[in-house]
Amino acid sequence: MRALAIFGGTFDPIHLGHLCVVWEASELLDAPVLMMPSGMPPHRPPPIASAPQRLAMLQVALRGQSRLSLDARELVRSGPSYTVDTLVELRAEHGDRPLVLLLGADAFAGLPGWHGWRGLFELVHIGVLSRPGEQASLPDELQQEIGNRWVANPAALQSVPAGRLVALSVTSLEISATRIRELLAAGREPRYQLPAGLFDQPELLAPYRLPAPK
Ligand code: ATP
């Protein structure tokens with residue numbers, strides 16, 4: 001059965017960095033992708049935009065294609081969004097289908113901070129997306145857990161349900177939601193870092209704008 005990939009994030013807001021790399025990862029893996037916005041991310045401050053606002057931005061961003069689809073389950077679950085809980089659910093739903101968790105290189109290096117991270121390879125493969133500025137060095141405990149899981153060819157993920165690790169070389173785009181929020185708060189219009197549709201509905205980006213001084 002063809003693999004299914006999962007790309008989680010705060011998406012506060014979704015930007016062209018996310019979309020470009022996840023699209024390329026989907027092509028390299030020959031797998032459709034579930035875009036999974038996190039509800040209450042346990043590792044970082046709460047998002048600026050509300051869950052419905054982030055969902056609305058994703059819906060606009062994903063319009064007109066079928067390779068990337070939206071899965072909003074973490075937004076309706078109460079309590080912190082633990083990825084491992086979501087992956088247990090997905091594994092139960094998909095049986096032996098290969099599942100691939102996509103992580104940017106920064107998120108992958110931070111894996112040992114995640115709740116239940118050592119169990120992840122029982123549930124899924126991991127695809128690591130290159131990201132500008134990220135070092136190749138990984139924490140020791142992550143290196144130990146990885147062992148000999150690395151495979152060079154993404155096609156090797158199609159033959160078993162979970163447990164392998166692949167580096168996906170995707171176009172480098174130095175775009176981050178942090179920088180976009182800063183630009184929007186400063187009254188700027190980072191038009192070519194965000195999906196064009198977000199500018200057609202000004203209310204979508206309103207949460208990031210600072211109120212005009214009186
Ligand atoms: P923030 O700046 O608020 O931390 P972000 O731009 O890193 O946000 P997230 O929603 O936190 O975006 O990231 C979701 C996933 O997308 C993470 O795995 C992250 O590593 C990856 N990612 C985000 N931007 C890029 C990019 N430009 N290139 C590669 N991966 C990216």
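Residues count as partly exposed when their relative accessible area falls between the buried limit of under 20% and the exposed limit of over 50%. By that yardstick E189 is partly exposed, because its relative accessibility is 47%. The model looked at here is a predicted one. E189 pairs up with R191 in a salt bridge, with N and O 2.8 Å apart, and R191 is partly exposed too, at 31%.

That pair is one piece of a wider set, since a search of the whole structure turns up eleven salt bridges. Helix α8 (residues 177-185) contributes R181, which bridges to D12 at 3.9 Å, N to O. D12 sits in the loop between β1 and α1, so this pair ties together parts that are 169 residues apart in sequence. Both partners are tucked away: R181 is buried at 18% relative accessible area, and D12 is buried at 3%. Also in α8, R179 and E182 form a salt bridge whose closest N and O atoms are 3.6 Å apart. These two are three residues apart in the helix, which means about one helical turn separates them. Here the setting is partly exposed, with R179 at 42% and E182 at 45%. Elsewhere, D71, R73, R77, E89 and E93 are joined in a salt-bridge network.

R181 turns up again at the ligand, where an N or O atom of its side chain is 3.0 Å from a ligand oxygen. The side chain of T178 also has an N or O atom 2.5 Å from an oxygen of the ligand, while I175 uses a backbone N or O atom, 3.1 Å from a ligand nitrogen. Of the 22 residues around the ligand, those that come nearest are H15, R44, D106, A177 and T178.

Helix α2 (residues 51-62) runs for twelve residues and spans 16 Å between its end C-alphas, close to the 16 Å expected. Its buried residues are R54, M57, L58, V60, A61 and L62, and they pack against α1, β2, β3, α3, α9 and α10. R54 is the odd case: buried, yet without a salt bridge, its nearest oppositely charged side chain being D12 at 5.0 Å. Among the residues R54 touches are T10, F11, D12, P37 and L75. Just past the helix, G64 adopts a positive phi of about 85°.

L68, in strand β3, is buried at 5% relative accessible area. Beyond its close sequence neighbours, L68 is in contact with L19, V22, W23, V33, M35 and L62.

Conventions. Residues are numbered from 1 along each chain as its sequence is written. This is a predicted model: local features need pLDDT of at least 70, side-chain atom pairs count only at pLDDT 80 or more; totals for chains, interfaces and linings use all residues. Side-chain values use heavy atoms; hydrogens and water are left out. Helices (H or I, at least four residues) and strands (E, at least two) are DSSP runs, numbered from the N terminus. The expected span of a helix is 1.5 Å times one less than its number of residues. Buried means under 20% relative accessible area, exposed over 50%, partly exposed in between (1.4 Å probe, protein chains only). Contact means heavy atoms within 4.5 Å. Lys and Arg count as positive and Asp and Glu as negative; His and the chain ends are not counted. A salt bridge is a side-chain nitrogen of Lys or Arg within 4 Å of a carboxyl oxygen of Asp or Glu. A residue is near a molecule or strand if one of its heavy atoms lies within 4 Å of it. A polar contact is a pair of N or O atoms within 3.5 Å; within protein, one must be able to donate a hydrogen and the other to accept it, and residues adjacent in sequence count only if both atoms are side-chain atoms. Lists of a residue's contacts leave out its neighbours within four places in sequence.
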